[in-house]
Amino acid sequence: LTHAEAHGEATAAAVRERAGMRRAAPLGGHDETRAMGDFEFLDHTADVQLHAWGDSLEHAMEELARAMFHYMSDIRAVTPDPACQRTLTIQGHDRHTMVFRFLDELLFLFSTEGVICSSVTVERISQVPSSEGSGSVLELCMAVEGELFDLEKHPTGTEIKAITFSNMQVLEKEEEEAAAADGGGGPTAVAAAGSSLPDGSGAGGGGAGGAAGGGPHHRRLRRQTVDLFVIVDI
């Protein structure tokens with residue numbers, strides 16, 4: 001069986017097994033995701049789009065993983081079990097493929113071993129030589145924490161059947177804040193410029209627009225944010 005076929009069979013078997021089990025009551029505030037992390041769910045036709053963000057690609061991907069598991073259950077109900085700790089490594093030839101395989105590997109872990117994760121830490125993203133010969137690929141190493149899924153403990157959300165490439169976006173934005181030079185009063189203006197990073201090629205050009213708060217008594221604070229958008233089959 002291919003990885004995709006094994007994943008599909010494992011998901012179907014897990015759904016059948018859970019069908020007859022008693023179910024935990026849902027926790028209040030499940031959809032108030034911004035109170036739990038940097039992620040949200042966006043409606044998309046018959047599917048759902050996961051949106052996560054952070055001050056780096058690593059942080060955004062960690063939040064994306066939390067979004068996926070929270071959509072299927074409620075990460076607040078997960079108590080990390082040392083027996084379920086895993087270190088996983090995936091590779092992708094570009095950022096889109098890496099994000100896809102990152103989520104797919106975590107979904108495979110849930111489907112085959114029944115591990116629902118409360119946190120995923122991206123320990124490293126680096127370029128390594130390709131096993132297929134010439135060139136290099138992006139390699140991601142992650143540490144996951146969670147416990148075995150238990151319907152009597154973990155509320156049931158919506159089962160995610162598959163990760164998709166459909167309209168996937170990896171966006172990097174550079175924000176510029178004008179703050180008082182003496183540190184008082186906080187930022188006085190914000191401007192942002194964004195660029196898509198489909199293949200790990202680095203941010204595109206273009207300066208921030210709408211600059212304000214210049215002059216001798218102000219200084220520029222620059223920070224980057226990364227937004228990830230992934231549509232999943234439900």
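Contact here means heavy atoms within 4.5 Å. By that yardstick, and in what is a predicted model, Phe-102 makes a handy place to start. Setting aside its neighbours within four places in sequence, Phe-102 touches Met-61, Ala-65, Ile-90, Val-120, Val-122, Leu-140 and Met-142. Phe-102 also belongs to the largest nonpolar core, a set of 47 residues in which Met-68, Phe-102 and Leu-106 touch the most other members. Several elements chip in with at least two residues each, among them strand 2 (47-54), helix 3 (95-113) and strand 9 (218-233). Helix 2 is the top contributor, with 10 residues.

Next come the two helices. The axes of helix 2 and helix 3 come within 11 Å and cross at roughly 40 degrees, and the crossing is right-handed. On the helix 2 side, the residues that meet helix 3 include Met-61, Ala-65 and Met-68, while Phe-102 and Leu-106 are among those that helix 3 brings. Sorted by class, this contact has 14 nonpolar residues, no polar ones and 1 charged.

Then there is the sheet. It is an open one, built from 3 strands in the order 3-5-4 with antiparallel pairing. Strand 3 and strand 4 sit at the edges, each pairing on one side only, and the twist averages 25 degrees from one strand to the next. Strand 3 and strand 5 are joined by 7 bridges; Arg-86, for one, has Val-144 in strand 5 as its bridge partner.

As for how helices and sheet fit together, helix 2 lies across strand 4 and strand 5, at about 150 degrees to strand 4. Helix 3 lies across strand 3, strand 4 and strand 5, and runs at about 145 degrees to strand 3.

Definitions and conventions:
Residues are numbered from 1 along each chain as its sequence is written. This is a predicted model: local features need pLDDT of at least 70, side-chain atom pairs count only at pLDDT 80 or more; totals for chains, interfaces and linings use all residues. Side-chain values use heavy atoms; hydrogens and water are left out. A nonpolar core is a set of buried Ala, Val, Leu, Ile, Met, Phe, Trp, Tyr and Cys residues joined through side-chain atoms within 4.5 Å. Buried means under 20% relative accessible area, exposed over 50%, partly exposed in between (1.4 Å probe, protein chains only). Helices (H or I, at least four residues) and strands (E, at least two) are DSSP runs, numbered from the N terminus. Axes are lines fitted to C-alpha atoms, for helices over the stretch in contact, and angles run from 0 to 180 degrees between N-to-C directions. A crossing is left-handed if the near helix is turned anticlockwise from the far one by less than a right angle, and right-handed if clockwise. Ala, Val, Leu, Ile, Met, Phe, Trp, Tyr, Cys and Pro count as nonpolar, Asp, Glu, Lys and Arg as charged, and the others, Gly among them, as polar. Two strands pair if DSSP finds at least two bridges between them.
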